[in-house]
Amino acid sequence: MPSRIAGTARRTLLVDVIVRFFVLSAILFLSACAHPKPAAVNFPAPPPPAESTEPNESSPAANVPPSKTAPQPREPKANEEANAEADLAEPTVPPNARPVATETGLASWYGPPYHNRRGSNGEIYNMHAMTAAHRTYPLGSIVRVTNTRTGATALVRITDRGPFIPGRVVDLSLAAAKKLDVWKPGVAQVKVELMQSAASPETPGKWAVQIGGFPHQPAATKLADHLKRRYHTAQVLCFASPAGDWWIRIRVLDDDHTRAQKLAAETQTPEGSVFLVRLD
């Protein structure tokens, strides 16, 4: 009797295993049929999308400022050249403009080593522009310079201070010197007419005294120390010029014209000369 029960159990177990095997095989077969494996086919890459003026919000570039995503348009080369020509061009005044002041004296010119250095008005000096240096006319003024020997004339803008040589009234840029026939001789007798002032007559201006040039620093330093002891309220500065000589500049209290004029009149120096100069 027990052997019959054991045989029946073995047959039941065998049938159960066979049924499970067929059920599992059927499931695997149906799964394979429902999800066929795609064939490997090489397709060409799609063309790039057309550029859009609106950034895609899903793109990282959308969160980058415009200056980072695309360079700002450069000024056309023609405009750059036009601006450069305008900077070098001779200034103009109204046809009916009349001189505000007139003086005569020697004109000289300056180029290297002052070219590409900062001038008194804060601009970088360009010896190819129509500019000039004057000791007392307001910076930015326009003057008309006439060579009294040749009759050549030109308008220049005052951008710097000088010349600091007795008898000279204006220091021309190289471009102005060529137009006025001053370049080759180096100096020439001229008439200087203030045609357009950058400051009104009521503007008092800022004035100082400049002394030099000294060929050696010790002489300049010695005089500067003496002036510091004598004028306690004045600012005394000793400095070297690009040409290698030494200068002293004295700024009186409040940059007052009368004080500067008085100091210039009572100051004597064994070397160099004393000049009254306008700072603005």
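Two strands count as paired if DSSP finds at least two bridges between them. Strands (E, at least two residues) and helices (H or I, at least four) are DSSP runs, numbered from the N terminus. Keep both ideas at hand for these exercises.

The model is predicted, so local features need pLDDT of at least 70, side-chain atom pairs count only at pLDDT 80 or more, and totals for chains, interfaces and linings use all residues. Residues are numbered from 1 along each chain as its sequence is written, and side-chain values use heavy atoms, with hydrogens and water left out.

**Exercise 1. Trace the closed barrel and find the partner of Ala107.**

Step 1: Follow the six strands of the barrel in the order β1-β5-β2-β4-β3-β6; their pairing is mixed.
Step 2: Look at β1 and β5, which run parallel and are joined by four bridges.
Step 3: Locate Ala107; opposite it stands Val170 in β5.

A reminder: strands of a sheet pair through backbone hydrogen bonds, either parallel or antiparallel.

**Exercise 2. Describe the open sheet and the helices that pack on it.**

Step 1: Write down the order of the four strands, β8-β9-β7-β10, and note that the pairing is antiparallel.
Step 2: Mark the edges: β8 (235-240) and β10 (273-278) each pair on one side only.
Step 3: Check the turn between neighbouring strands, which is 25° on average, direction ignored. Such angles run from 0 to 180 degrees between N-to-C directions, with axes being lines fitted to C-alpha atoms, for helices over the stretch in contact.
Step 4: Zoom in on β7 (residues 207-214), joined to β10 by six bridges. Here Ala208 stands opposite Val277 in β10.
Step 5: Add helix α5 (residues 217-230), which touches β7, β8 and β9 (246-251) and makes about 15° with the direction of β9. Contact means heavy atoms within 4.5 Å.
Step 6: Add helix α6 (residues 257-266), touching β7, β9 and β10, at about 30° to the direction of β7.

**Exercise 3. Explore the lining of the largest pocket.**

Step 1: Learn the term: on a 1 Å grid over the protein atoms alone, where a 1.4 Å probe fits, a pocket is an open set of points with protein on both sides within 12 Å along at least five of seven lines; lining residues have an atom within 4 Å of a point.
Step 2: Find the residues closest to the centre among the 28 that line this pocket: Tyr114, Arg161, Phe164, Ser241 and Pro242.
Step 3: Identify the element that gives the most to the lining: β8, with three residues.
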